[in-house]
Structures are given as structure tokens and as C-alpha cells.
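Work through the exercises below with the structure open beside you. Try each task before reading its solution.

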Amino acid sequence: MGRFLLKGAIGLISLIVIAGLYLSFWPVSIDPVKWQAPKDPGYTGDFAPNTDLANLERLSIGETYGPEDMDAYQGADGLLIYASGHQGEIIEINPRENTHTVIANTGGVPLGVEFGDDGMLYVADAHKGLLSVTRDGKVTVLTDRVNGTPINYADDLDIGPDGVIYFSDASTKFGAKANKSTLSASLLEIMEHRGTGRVLAYDPASKETSVIKEGMVFPNGVVMGPDDEKGHQTILVNETGEYRVHRIWVTGPALGSSEIIIGNLPGFPDNINPGPDGTYLLGLISQRSKWLDDNSMNPKMRALSMRLPASMRPTSVSYGLIVQIDGSGKVLKTWQDPTGDYPNATGAIIADDGYMYVSSLSAPDLARMKLTND
């Protein structure tokens, strides 16, 4: 009996040693660095909880999921909504009849979508780069490289008054295609926190792509911002991994410089779109991770967590939150659903039909709510 007990003890010790060696030394895909996460203010002050985003109406997008972004188009047949689907679809939705048609498939993962003044739908595709899509379904790759480097994670975009398209390349290290999903790649970029993301510009006249700003931790939503006092153009860009929104100059002598207009948000900012009267609608896709904030100065612990089974790693917690801000970052209103019933809400637009349409990374449908005048 003693011999069996001794063998069992030796086996247990061996397993413990092997597990310790695995957790300490097994190679992982991230090489984290220290960063100081700001103290999470939680849902207080301007972000005091409400339930104004609860009980959303749902619009069908078919057999796909994840309408990550959308834009409205006013045509001869009335208002239509065009949304991206996570299996490559570009979906035309008739909101009056709750019907839909897949007009194209990019063969990748379309995320941000935006109509230009030319009636063309421009698409940031996480696998393919920057695309254009006609309303009859023709897909064209506009750019997938800049300065000899691949665009690994095109995420969101907006179009300047001169036709220049500004878009985010959320991670140059952790591509969405190479890492099997957009969510997996985003978590790797944020966990590592080296800031490999960048903001790019594509000029359709010259067909040239340039870098506007580098060194960002998962730059995500992009929208044209307010011009400065001298008329120079700016864009607003969500830096998801830092819980903040940048204002970046894209013309004039301050080209590429930036300022933070709102920071220390209570969740991870995703999309940002124009709102009414010069305002902006900002979507926070999930709550912040206390574990990630607590270990922001502990890169070894963040690396160790990547050696654990996926079920044991830090995960996002859905909390529906759309924030209306002005061009200086002042919070004007929030719509919230603490239950996260419409999961992973990424952003919103307010269309001419009086509805606010809400997008999602993972939902099987598009959501909307009728706005009141109060």
C-alpha cells in the first residue's frame, strides 16, 4: 500500500511540476507590456444607469449574424438600411416591411460600411481591406496594403468632403483572418497592449494609401470630426484598448497630431457615427474587464492567462450602451440596457424615419427603437 501511495504522490508532484512549467514557459502569441489602466468610474455621473435601450425591435438579416455596422440610404423606393454580416454579406434591409436581400458577399468579414456622395457603399473588411460595393453587388478591392505592409484588420471608415476615405487598421500584428475571428484578434491586441494599430487614408483620385497615425491599441470606430477654427479637417477615432476617443487632424500643419476628447469610458468603445445637429453616437460594446485593469501593470500575468483554457480566460460582459457626445466629447445623453439583451451592441445611427438603428458584433438581427421628442 505504501508503495502505491508513494507512486501516487510522485505522479501528483510530477503533474504539478509539469503544469507549473507549462503555465510559466509555454509559448504564447502575445508579448505584453505594462500600461496603467485608469481607475474605472463605473456607471456613474454622465453614465448613470437607465433602461432606455431595453426592449429593442428586431429586423431580420437572414441566416447570418453580427450586423457590425450599417448606413441608411434614401432612394426612390424610400429609406433602406445597408448592414454588414459576419459571414461576408452586405445586406439591404427594408425597415418598413422587415424584409432583406443579400446584395453581395465580400468573401471576407465586412465591418464598417458607409455610403459616399457618389452612391457607392464603402466597406472596411477585416480580411480583404478597403472595398467598394455597388448596389447591384459588384465588389472591388480599393487597397489592401500601405507602404509595403499588409492591411491586416480594416475595421471602420468615414469619407471626407473631398472623397478621401479614412479608416482604421486595428492591429498590424494580430490579423482577423490569421487569428480565426475578429473578436479573437481584438482580444490579443488589447491583452498585449503594444499599440500596433493605425489609422489610414485612401485617396480615390490618386489611388494612394497613407498612414495618418500609428501606435494605437485597437483603433476602431472612425467618423469625420468638427473642423478646427482654421477650417482644417479632423476625424474622431475610438481607441478601444484605452477606453477613449481621439480627435486626429487629417489636413493642415497639424496633420497626424491628436487630442483626447473623452477618456476613461466605462466600457470598450467600438463604432462612432454622426448624430443629429453635429453630435456623434458612440457605442460601447461591453463592460470593462476588472481583471484586465487590475493586471495592466502585470504583463506576466496577462501572458500566463493565455495558457489557460479559453473558458478560464477573462471574457467580455455585454452591457448595452449608446452615448451621444458633442464634438468636444461632452456627454449629452445615454441609452442603456444593463441586461445586454441585445448582445455586444457596437453602435447606432439615427435615420430620417425617426428610428435609432443599433448594430451588434454577435446578434442574429439588427435592432431599432422609435425615438421620442422628449
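**Exercise 1. Residues with positive phi**

Task: Find the loop in which N264 lies, and decide whether N264 is buried, partly exposed or exposed.

Solution. Step 1: in this predicted model, N264 sits in the loop between β19 and β20.
Step 2: the relative accessible area of N264 is 27%. Buried means under 20% and exposed means over 50%, so N264 counts as partly exposed.
Step 3: look at the backbone. Most residues other than glycine have a negative phi. N264 is not a glycine, yet its phi is positive, near 50°.

Task: Do the same for Y243: where is its place, and is it buried or exposed?

Solution. Step 1: Y243 belongs to the loop between β17 (234-239) and β18 (244-249).
Step 2: its phi is positive, about 60°, although Y243 is not a glycine.
Step 3: Y243 has a relative accessible area of 0%. That value is under 20%, so Y243 is buried.

**Exercise 2. A strand between two partners**

Task: State how many residues of β4 are buried, and which strands pair with β4.

Solution. Step 1: β4 covers residues 89-94, and 6 of its 6 residues are buried.
Step 2: sort these residues by face. In a regular strand the side chains alternate between the two faces of the sheet. In β4, one side holds E89, I91 and I93, and the other holds I90, E92 and N94. Both faces are covered.
Step 3: take the partner β3 (residues 78-84). β3 and β4 are antiparallel and share 4 bridges; A83 has I91 as its bridge partner. The hairpin of β3 and β4 has 4 residues between the strands, and G88 in the turn has a positive phi of about 100°.
Step 4: take the partner β5 (residues 99-105). β4 and β5 are joined by 6 bridges and run antiparallel; I90 is bridged to A104. Their hairpin also has 4 residues between the strands, and N98 has a positive phi near 55°.

**Exercise 3. An open sheet**

Task: Give the strand order of the open sheet of 4 strands and name its edge strands.

Solution. Step 1: the order is β1-β26-β25-β24, and the pairing is antiparallel.
Step 2: an edge strand pairs on one side only; here these are β1 (57-60) and β24 (345-350).
Step 3: neighbouring strands of this sheet are turned by 30° against each other on average, direction ignored.
Step 4: follow one edge. β1 is joined by 4 bridges to β26 (residues 365-370), and R58 has A367 as its bridge partner there.
Step 5: go to the loop between β23 (331-337) and β24, where P343 is found. P343 has a relative accessible area of 23%, so P343 is partly exposed. Among the residues that P343 touches are S318, S360 and A363. P343 and P364 are 21 residues apart in sequence, and their C-alpha atoms are 9.6 Å apart in space.

**Exercise 4. A covered helix and the core**

Task: Count the buried residues of α2 and name elements that cover them.

Solution. Step 1: α2 spans residues 182-192, and 8 of its 11 residues are buried. These include T182, A185, L188 and E192.
Step 2: the cover includes β6 (110-115), β14 (197-203), β15 (208-216), β20 (267-274), α3 (290-294) and α4 (299-305).
Step 3: just after α2, H193 has a positive phi of about 70°.

Task: Which residues touch the most other members of the largest nonpolar core?

Solution. Step 1: the core has 38 residues, and those with the most contacts to other members are Y153, V245, I262, L265, I272, V323 and I325.
Step 2: the elements giving two or more residues to this core are α2, β19 (258-262), β20, β21 (280-287) and β22 (320-325).
Step 3: take I325. Leaving out residues up to four places away in sequence, I325 touches I261, I262, I272, T279, Y280, K330, V331 and L332.

**Exercise 5. Empty space**

Task: How many cavities of 30 Å³ or more are found, and what lines the largest cavity?

Solution. Step 1: a search of the whole structure gives 1 such cavity.
Step 2: the volume of the largest cavity is about 50 Å³.
Step 3: its lining consists of L53, A54, N55, L56, G320, D337, D341, Y342 and A345.

Note on methods. Residues numbered from 1 in each chain as written. Predicted model: local features only at pLDDT ≥ 70, side-chain atom pairs only at ≥ 80, totals over all residues. Heavy atoms only, no water. Pairing = 2+ DSSP bridges. Axes fitted to C-alpha atoms, helices over the stretch in contact; angles between N-to-C directions. Buried < 20%, exposed > 50% of the residue type's maximum accessible area, 1.4 Å probe, protein only. Contact = heavy atoms within 4.5 Å. Core = buried A, V, L, I, M, F, W, Y, C linked by side-chain atoms within 4.5 Å. 1 Å grid on protein atoms, 1.4 Å probe; cavity = no way out; pocket = protein on both sides within 12 Å on 5 of 7 lines; lining within 4 Å. Points joined across faces, edges and corners; volume = space filled by probe spheres on them.
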